[in-house]
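Hi,

Here is the structure I promised to pass on. Have a look at it first, then read my notes underneath.

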Amino acid sequence: MSVSARLTEVRARIDAAARGAGRDPSSVRLVAVSKTFPIDAVREAYAAGHRDFGENRVQEALEKISASQDLPDARWHLLGHLQSNKARKAAPAFAMIQSVDSSDLLQKLDAAAAESGRAPELLVQVDLAGEDTKYGISPTEVPRILDAAVQCRAARVVGLMTLPPIPDTPEDSRPWFRRLQDLREEWLAAGVPAGLLREMSMGMSGDLEVAVQEGATIVRVGTAIFGSRQGSALAP
């Protein structure tokens, strides 16, 4: 199948899942995870009307961003772990950084954003399962970052992201997605400004329907759009 045909198929899956959950399909943003795929694959998706692309590594992303200057309204998302010493490169390059996992990183991104005159959106990555192989912060540490986010001058925290344990079936992801939604409701009830918790990034190629049913506003899909890469069938 072509990238265009795969995109149509994924959008139909999102549409059906959203409508089945009583949601407006337009409330779910699809990020096409283009990591490891060539810029030509991005161009094919762009030609099919897609605009949001996700990368895991800063350097690979910067190379693609540089090569896509003729795609002026493409929006680039950083999905992978970001070291604090790369904040100055990342802040002006990405429309959204989905992997904020410390107050220090938040402050450095905000300073870099202010210096460059940019205003990237940020998501706090929440590690719900406490896996040693995953980045993110524990739920108990999230309020501290949300408190710091109120003081940001340029960068804007707008929500949460989680990457649950690799599931054997889509339903295995549901408890983790539901847990993130429950935490969001708890923090809102505790007085966290709604604007800081507007977005919920969760769900990938194999479990996006479950994520949409549990309230995802962003799903990150790579394999189902660009084809197979090494790893689990339920990878992005």
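Below is what came out of it, from the overall fold to the core.

One caution before the rest: this is a predicted model, so local features need pLDDT of at least 70 and side-chain atom pairs count only at pLDDT 80 or more, while totals for chains, interfaces and linings use all residues. Residues are numbered from 1 along each chain as its sequence is written, and side-chain values use heavy atoms, with hydrogens and water left out.

The chain has nine helices and eight strands (DSSP runs: H or I of at least four residues for helices, E of at least two for strands, numbered from the N terminus). Its radius of gyration is 17 Å, close to the 18 Å from the globule rule for 236 residues, so the chain is as compact as a globular protein of that length (taken over C-alpha atoms; the rule is 2.2 Å times the number of residues to the power 0.38). Along the principal axes, the C-alpha atoms fill a box of roughly 45 × 40 × 35 Å.

Of the 236 residues, 53% are buried, meaning under 20% relative accessible area with a 1.4 Å probe, protein chains only.

Now the inside. The largest nonpolar core (buried Ala, Val, Leu, Ile, Met, Phe, Trp, Tyr and Cys joined through side-chain atoms within 4.5 Å) holds 70 residues, and F94, L106, L109, L160, V219 and I225 touch the most other members. Helix 1 (residues 3-20) gives this core its largest share, six residues. A second, separate core has six residues, among them M96 and L123.

Cheers

Methods. Buried < 20%, exposed > 50% of the residue type's maximum accessible area, 1.4 Å probe, protein only.
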